[in-house]
Amino acid sequence: MIEPEAGGTPRAEVQHRFDYDGLVVEHLNWQLPYGPPTEAVLLKPADASGPLPAVLALHDHGGNKAFGWRKIAQIGDDLHPIMVEHRDQYYGGVSWANELAKRGYAVLIHDTFAFASRRIRLADVPRVLKGDLEEVHPESVEEIEAYNRFASQHESVMAKSLFCAGTTWPGVFLAEDRRALDYLCSRPDVDADRVGCAGLSGGGLRTVFLAGTDDRIAAACCVGMMSTWRDYLLHKSHTHTWMIYVPGLPRDLDYPEILGLRVPRPTLVQYDEEDSLFTLPEMRRSDQMLSDLFTKAGSPDRYRGTFYPGRHRFDLPMQAEAFAWFDQFLTR
């Protein structure tokens with residue numbers, strides 16, 4: 001997995017700073033060496049003092065590339081109707097990054113390639129691929145739905161393009177998430193020794209690669225994105241995005257073993273028993289693999305795999321467990 005050169009610690013610019021719902025909100029952007037500026041939000045308690053524990057909150061895929069950080073964070077009372085529906089479907093009706101920040105954390109949420117501010121601009125796409133699609137009213141429901149259909153249909157084109165450029169989609173994710181982590185750890189209001197990351201689905205995928213390969217992640221929570229390469233191969237390749245695959249990697253590491261590279265650092269994996277993206281036997285097999293890894297390392301208490309009834313989601317009971325996990329390992 002080769003990461004593109006994404007520069008050093010980003011020089012974040014604060015576009016707006018204000019209080020909202022008991023939190024200080026910093027609306028940020030930064031420029032990577034390639035592509036449009038990254039938009040991000042930093043949330044922390046309004047009464048916070050001293051370096052805080054922090055979490056890099058990683059947004060999902062959800063078949064919706066028109067949105068990024070707005071899927072899991074809220075900085076005003078007016079939510080886009082698509083985000084209201086998204087929150088209700090996947091997150092128990094709340095913006096979980098806000099809920100975590102209220103517990104005393106600095107929480108950073110950033111758009112990643114190719115979502116929201118980091119999405120593919122239609123003006124840069126040849127007509128043979130985009131047809132008559134144009135970006136005129138990017139906040140309209142109709143245009144968002146049309147864009148998401150286009151983005152879904154051409155994931156294979158993007159994946160092939162990244163292969164030709166000598167990288168992979170997980171490689172790009174990892175490069176950009178590392179830069180966000182660089183920035184978060186550089187802030188004077190953050191304790192860089194107490195930083196975690198978490199995400200559902202596509203955010204869980206990003207958690208696997210980031211937490212598995214970066215020692216700065218002191219505690220991790222992967223939600224609704226854990227199974228085996230065997231599951232993808234034999235049962236579920238048709239349900240998954242092109243964003244998962246790294247050619248050749250399964251010869252060396254099964255998918256759970258990527259996250260297992262972080263042993264013995266605290267690692268929580270939450271499984272949805274009726275998740276249509278995976279088969280339950282292979283989810284249970286991946287859980288056993290991770291449990292065995294941590295046991296062999298002499299730290300069985302640093303891994304927890306929890307199975308929840310129901311479909312693909314990160315609802316309120318799951319959030320409660322994840323937040324308590326971070327409290328246990330990141331707060332003093």
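How many salt bridges does the count come to? In this predicted model, the count comes to 28 salt bridges, and the sections below take up several of these pairs after a look at helix α1.

## Helix α1 and its packing

Helix α1 spans residues 81-90, and its buried residues are Ile82, Met83, His86, Arg87 and Tyr90. Viewed along the axis of α1, these buried residues fall within an arc of 135°, so they line one face of the helix. The spacing fits a general rule: an α-helix has 3.6 residues a turn, so residues three or four places apart point the same way. Pro81 and Glu85, by contrast, are exposed on the other side of α1.

The partners of the buried residues of α1 are α4 (141-153) and β6 (190-200), against which they pack. After α1 comes Gly92, whose phi is positive, near 65°.

## A buried pair in the loop before α1

In the loop between β4 (52-58) and α1, the side chains of Lys71 and Asp60 form a salt bridge with an N to O distance of 3.5 Å. Because both residues lie in that loop, the pair ties together parts that are 11 residues apart in sequence. Lys71 and Asp60 are both buried.

## Pairs linking distant parts of the chain

A salt bridge also joins the side chains of Asp327 and Arg103, at 2.3 Å from N to O. This pair links distant parts of the chain, since Asp327 belongs to helix α11 (residues 316-330) while Arg103 sits in the loop between α2 (96-101) and β5 (106-110), 224 residues apart. Asp327 is partly exposed, with a relative accessible area of 23%, and Arg103 is likewise partly exposed, with a relative accessible area of 43%.

Asp177 and Arg206 form another salt bridge, in which the closest N and O atoms are 2.8 Å apart. Here the link runs between two helices, with Asp177 in α6 (residues 169-186) and Arg206 in α7 (residues 202-213), and the two residues are 29 residues apart. Both Asp177 and Arg206 are buried, whereas Asp327 is partly exposed, as is Arg103.

## A network of charged side chains

Beyond these pairs, salt bridges link Glu3, Arg178, Arg179, Asp182, Asp214 and Arg216 in a network.

Key
Residues numbered from 1 in each chain as written. Predicted model: local features only at pLDDT ≥ 70, side-chain atom pairs only at ≥ 80, totals over all residues. Heavy atoms only, no water. Buried < 20%, exposed > 50% of the residue type's maximum accessible area, 1.4 Å probe, protein only. Helix = DSSP H or I, 4+ residues; strand = E, 2+ residues; numbered from the N terminus. Arc of directions from axis to C-beta. Contact = heavy atoms within 4.5 Å. Salt bridge = Lys/Arg side-chain N within 4 Å of Asp/Glu carboxyl O.
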